[in-house]
Structure formats: C-alpha cells, structure tokens
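User: I want to learn how to read a structure feature by feature. Can you take me through one?

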Amino acid sequence: MSLYTNLKGRLRNTSLPRSHGLMPVFEAVVNSIHAIEEKGNLAERGQITVRVERDGQKKLDLDQKGPEPITAFTIIDNGCGFDNVNFQSFETLDSDHKVAKGCRGVGRLLWLKAFDLVEINSTFCESGSKSANRYFRFDENKGVYSARLDSSGEKATGTTVRLIGFGKNYQRAVPKTALSIANQLLEHCLWYFVRPEGAPEIVVQDGDELIRLYQLYDSYMHETARSELVKIQGEDFEVTHIKYRASATKKHQIAFCADGRMVKEENIHGKIPGLYARLKDDAGEFVYACYVSSSYLDQRVRSERTAFDLAEDLGELFDESELSLKAIRKKILECAQNFLHDVLQRNISAGENRIDSFISSKAPRFRPIKRYVPREKLVVDPEISDKDLELHLHEHWYELERELVREGHEVMSPKAYDYTNDYQPRLQAYLQKAEDIKKSDLANYVSHRKVIIDLLQKSIERGTDGKYAREEMIHELIMPMRTSSDEILLDSCNLWLVDERMAFHHYLASDKTIKSMPITESDSTKEPDILGVRVFDNPILVNDQDSFPLASITIVEIKRPMRNDMKEGEDKDPIDQTLSYLERVREGKVTTKSGRPIPGSKDVPGYCYVLCDLTESMRRRCRRANLRITYDGMGYFGYNEPSHAYIEVISFDQLVNASRERNKAFFDRLGLPTN
C-alpha cells in the first residue's frame, strides 16, 4: 500500500514557537557540522559561515531604530556536500539516515516554518573522485523543485544553504544583533565545543562585523569545563559544569540537551542555597551553567527539539522505567551544589552576616528566628535589599507564629495518654518559644519608635532646595490628618512623641472641625491640628446616676519648622490659638463621644501643646504669655489660670531629643544606634 505525504499538512502539525525562530538556522549549522565530520576535516580545516542578511531599504528610513530587519540567512560550509545519499535522505521526511547523530529528519520542516524559501547549492564528490554540483529549491507549495545536477570542476566540496523570507512574527521575537545571535548559536551548539573532538571554525557575519564562536567561547569561559557521569534510577546522565566569566550576560542555569543540542534551559538562581547573583572563586567572578545530556533524553526529545516528552512530576505514580523532569532536576542540582560547594559556603556565610547585621541594627524583633528556623531556610543573597530581607524574615516569622498557635492548642489541651515525663518538656519548650516571640513583639515596637524618631529628625531639617518641610509632614507623622480615633488604629499614631499619656484617650480627632466632633455641641468650624478628650473612670457605662466622669481636654498645635511670623491675635499666636480652641469646646458643653454630658464642662482642665521652632517671634509670644523657659532652653511651660489650662511649647529639637532620651534605655537594650 502506497502512502503519500502532504507537506503542507506536515508543516501544519510541526510546532515552532516564535521565541525559537532561530532554531532553523541553528539546525542548518548542526547539519554543516555533521557534513564536516563526515568529510573528516572537523577541527583542522572545517569552516562554517553564517551570514545575516538584512533589508537594505530600511536604511533609508530615518525613523528606523536599531538594526535593520533580518530577511534571510546564508549558511556556508566545506563539508562533504549533498551527494546522492544525502539528497535522497533530504527528500524523505522523517528519514533515519543520520539517526545515529541524533537527526530526526524534520530539520527541513523547521526551515519552512520560519522561512518562505530555501535555496541549496552544493558541491560533492561522486564515486571515482568526480566532482558534481547539485542545486535545488525547497518551499511548502512545491516541495523540492528546480533541481539540477551538473559536473563540476571544483575540487573543494561544501554546501551553501540560503534561508530566504524570514517570517515577520519570528523576526520580531528573535535577537536582532549579530552578537546576540552568535551567543544563542554558541549555547545551542556548546556541546560540540566542550567535547574532546571540538567543533569546526564557526563565524557569524553581519555586514562588516565578524564574530568567531571560538573566540566568543574563550572570552566567556572562566575555566575549563568539567564533566561527570551521574546515575539517576539506573540511567546514565553526563553533567558538564561550566563557569562563564562574569561579563557574560547570563544567569545561572541548567540546560537539558539532546542529540548534542540544547533543548530546554532553566534559570536556577536561588534554587541552591548560596547560588545568588554572580559567584566568585580565586580567579574572579563567574556565572554557572550546567549542561545535561543522556541517551534517555535523546530518546524522549520531541522532533522539533524544543521540549521533551517527559512528565514534570510523576507524583505518587512510581515507574522504575520512567523519570520525571523533577527527579532529574533534583539530582542535577545536587551535583551542581557539590561542584560549587566552596563558593556556595562563602556566599552562605556572607548571607548570614547580612542577616545578623540587619537584625542587630534595624530589626531586632527577628532575633528569635535564628533560634527556631532551620539554618538552610535563612540563607539569603548577601546583596539583598533591606525591604526584601525584611519580607523574607517576616515570612518565617509568620510561619513561626502559626506554629506557635498550633502547638499552643496541643500543649494546653493534653490528652489522657500524655504522660508527665513527656508532657513537661513539651510544655516548657512551648512556653520558652512563646516568651521569645512576645519579647520580639516588644522589640518590634521599640524599633518602630526608633524609625519614627529618625523620620521626625529628617522632617525638621532643611531640604536640598533650601526650604523646610510643611507642618503637614510632621502632623502626619504624629497622627494621620482628617481622621479620628474611631477611624484608625492606635498603631497608626505616634502620639507618644508629644506625651505618652495621649495614648489613653476617650476620643481623638486630627484636623477635623470642632463642629464635627461628637464630644461637643459647638458649631465652630475651626480645625485644631489634634484635639482629644480623656474620660477617667466612666461610671456612665454602668448607669450609675449618682457619680459622673472626670475628663481632660488635650490640644496640639503644629507649626512649620523655622516659622518666624508669630504675632498677637488668635490667627498668628499659636498659644492664643490653642486656648481659643479650648474655649470653643467648653462653650459647646463637653460630652463623652456617645453624647453623655460631663458636668462642669467649663472647668474641664486643658493641656495645650505647641510644637514649633523657637524663633525670635515665638520666644516673644512665650514671654508675653508669662511662660517659663525649660532648663535646657529648648521649650517653655506654664499654667494659665483664667483658661484653667497647662501650656507647653516644645521646640522640634526638644521633641526629638526628649523622645530619644525617653526611649534610649530600650534602644540600648536592643543594640540600636541612638545618634
């Protein structure tokens, strides 16, 4: 029974991803290597030239950016040529003529997936040492056509393959420069360069630019490649370890190869402890690559050589005759780890030092992690940023807290079969871990205070533009603007910068009108920077009609750093401004935030804080208000009897210094710098 081949249908069923658009060119180069091997002049006189042809018309386009589009490739070799046997094999799809060399007989299909037309011109020696020349064309409509065979006076054999009409979709997806094309060609054919027999002289030519792959190979190699044989479930795998110079634009990778070509590459950056960025040994920095080849992979590579017919993971299905990519990868990564052992250990130590330094100086809350999280899970890139390092540590911290909750339920609910001798050690271990974590929570809070104080210091300094920050920046740092204590969590505020007691409030408003506050019936539209009411011992909550709550009102007014235009009057004098706010609240009758009255509203004591720089005009207002200067000269304080209010003017320098002094003992305990 005769079988007919439908070339168009065969092409339709052949896969070539756009990102693999150079694969047809590379396969043509591999064919040339095989032709040179067959002739027997591999390393001495074997030569292959890959010419890049571009659209010359685009040179006239002034808007064209980068290299002109590639329209064709020409591959020239001095191999054995298209003799009758090779030509017959070419005309036979899925030919097994060179199956021993890993040829699948489908390379010419890849040519027509990416190119419109193939022209082949070849000189070869017939029997009896006669030279002949064979020319033919090949496309998807006609197959092989325009074939002619002539006698030739040429003594040198060889073949020229011209791939014409590069598809637009592939053009856009592949590298554009000669160097990047040469790099990919070298990676694809690297096995031929590494093997003992070596490779022919291969040149990529793009106009006047010539790139010799052997020179490229030598410039990239950090040291001589090393190979080892590894068994995985009884199958032999050859693993070739390569160190590229750090100047190579590569990443650490595994390249799975078949039939002497690279098929699949995987980035392994960070997949081995200590394998981060560029590595360094006694000879300098390098990038690691591992090439894996095996007859097992040869037998399972797809015809297009862009993937393998291998499952990623067999899961619970166990078949001694089958291997998954996951199992192969795991073993290869172990080999890579052993090969790079000394280098990785240096990276691991540097990463540990990075963690120690970060925890000691910036994040002491994570100190218990080093005790409870396995060392291998804490390995980090020494060059990791503070942000990424904190996220990394926080992930482990979160898992540690989850584990603590789980253990707590188990330990605190002992079963009948939990004997005392076993239970007590588990209980003690759990309590110790819980204590460490709670200490760490406190450390986190103290570290947060250190950061806030540092931010406050920066916000009162003059910027690079010679100007000082507006008061809004400082305001937001103490408490977010246009919010109230009903809308935000206390953790979002840093009221302790002004007074630790402000954390104990019944209601607090930031940059809101007095009229909008539920603690008073005042209709004033004035907006204090921060105003709060503190209710003491609130018996209204238990409906005790014979006793009433006591209260106090706190007002904070913030002025722009170095402001020096303070004058008499409510709009220009911040001291008068705070007292006016206090009067308006009292006149509207002070209540709890739920609207319950507080008797004696006009007598509710007030605490007024003014945060500003002590410029000359501000000092004058302090003296006019009969306030006393503090012992350090950085603030004023006093009591205003008519307003029944305590007043404190705090300079920004005093605000920073006092905050640091109050927290210094905690900073010192955690080893945080305070200067």
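User: Is R212 buried, partly exposed or exposed, going by its relative accessibility?

Analyst: One caution before the answer: this is a predicted model. Burial is judged by relative accessible area, with buried meaning under 20% and exposed over 50%. R212 has 35% relative accessibility, so it counts as partly exposed.

User: Which residue forms a salt bridge with R212?

Analyst: Look for a Lys or Arg side-chain nitrogen within 4 Å of an Asp or Glu carboxyl oxygen. For R212 the partner is E201, with the closest N and O atoms 3.9 Å apart. E201 is partly exposed, at a relative accessible area of 27%.

User: Which parts does the E201 and R212 pair tie together?

Analyst: E201 lies in strand 7 and R212 in strand 8, so the bridge ties together parts 11 residues apart in sequence.

User: How many salt bridges does this rule give?

Analyst: The count comes to 31. Among them is R226 with E223, at 2.9 Å between the closest N and O atoms. R226 is partly exposed at 45%, and E223 is partly exposed at 26%. Then ask whether bridges join up. Here E223, R226, K243 and D281 are linked in a network. Another pair is D565 and R563, whose side chains meet at 2.7 Å, N to O. D565 is partly exposed at 30% relative accessibility, and R563 is partly exposed with a relative accessible area of 22%.

User: Back to strands 7 and 8. In what order do the strands of their sheet run?

Analyst: Read a sheet by its strand order, then by its edges. This one is open, with 8 strands in the order 5-4-3-6-2-1-7-8 and mixed pairing. Strand 5 (143-151) and strand 8 (209-212) are the edge strands, each pairing on one side only. Neighbouring strands are turned by 15° against each other on average, direction ignored. Inside the sheet, strand 1 (residues 47-54) pairs with strand 2 (residues 70-77) in the antiparallel sense, over 7 bridges. One residue-level match: E53 has A72 of strand 2 as its bridge partner.

User: Which strands does helix 6 touch?

Analyst: Helix 6 (residues 178-188) packs on the sheet and touches strand 1, strand 2, strand 7 (201-206) and strand 8. Its direction makes about 155° with that of strand 7. Helix 8 (residues 213-220) also packs on the sheet, touching strand 7 and strand 8, at about 60° to the direction of strand 8. Helix 6 is mostly covered, with 8 of its 11 residues buried. The buried set includes A178, I181, L185 and H188.

User: Why is helix 16 described as largely enclosed?

Analyst: Count its buried residues. They number 10 of 14, so the rest of the structure largely encloses helix 16. Among the buried ones are P574, L579, Y581 and R586. Next, check length. Helix 16 (residues 574-587) reaches 20 Å from first C-alpha to last, close to the 20 Å expected. Finally, check the ends. D573 caps the N-terminal end, with a side-chain oxygen 3.0 Å from the backbone nitrogen of I575.

User: What phi does K589 take, just after helix 16?

Analyst: Most residues other than glycine have a negative phi. K589 has a positive phi of about 70° although it is not a glycine. K589 sits in the loop between helix 16 and strand 19 (606-612). Phi of D511 is also positive, near 60°. D511 is in the loop between strand 16 (507-510) and strand 17 (530-536).

User: Are K589 and D511 buried or exposed?

Analyst: K589 is exposed, with a relative accessible area of 54%. D511 counts as buried, at 13% relative accessibility.

Note on methods
Residues numbered from 1 in each chain as written. Predicted model: local features only at pLDDT ≥ 70, side-chain atom pairs only at ≥ 80, totals over all residues. Heavy atoms only, no water. Pairing = 2+ DSSP bridges. Helix = DSSP H or I, 4+ residues; strand = E, 2+ residues; numbered from the N terminus. Axes fitted to C-alpha atoms, helices over the stretch in contact; angles between N-to-C directions. Contact = heavy atoms within 4.5 Å. Expected span 1.5 Å × (residues − 1). Buried < 20%, exposed > 50% of the residue type's maximum accessible area, 1.4 Å probe, protein only. Polar contact = N/O pair within 3.5 Å; in protein donor to acceptor, adjacent residues only side chain to side chain.
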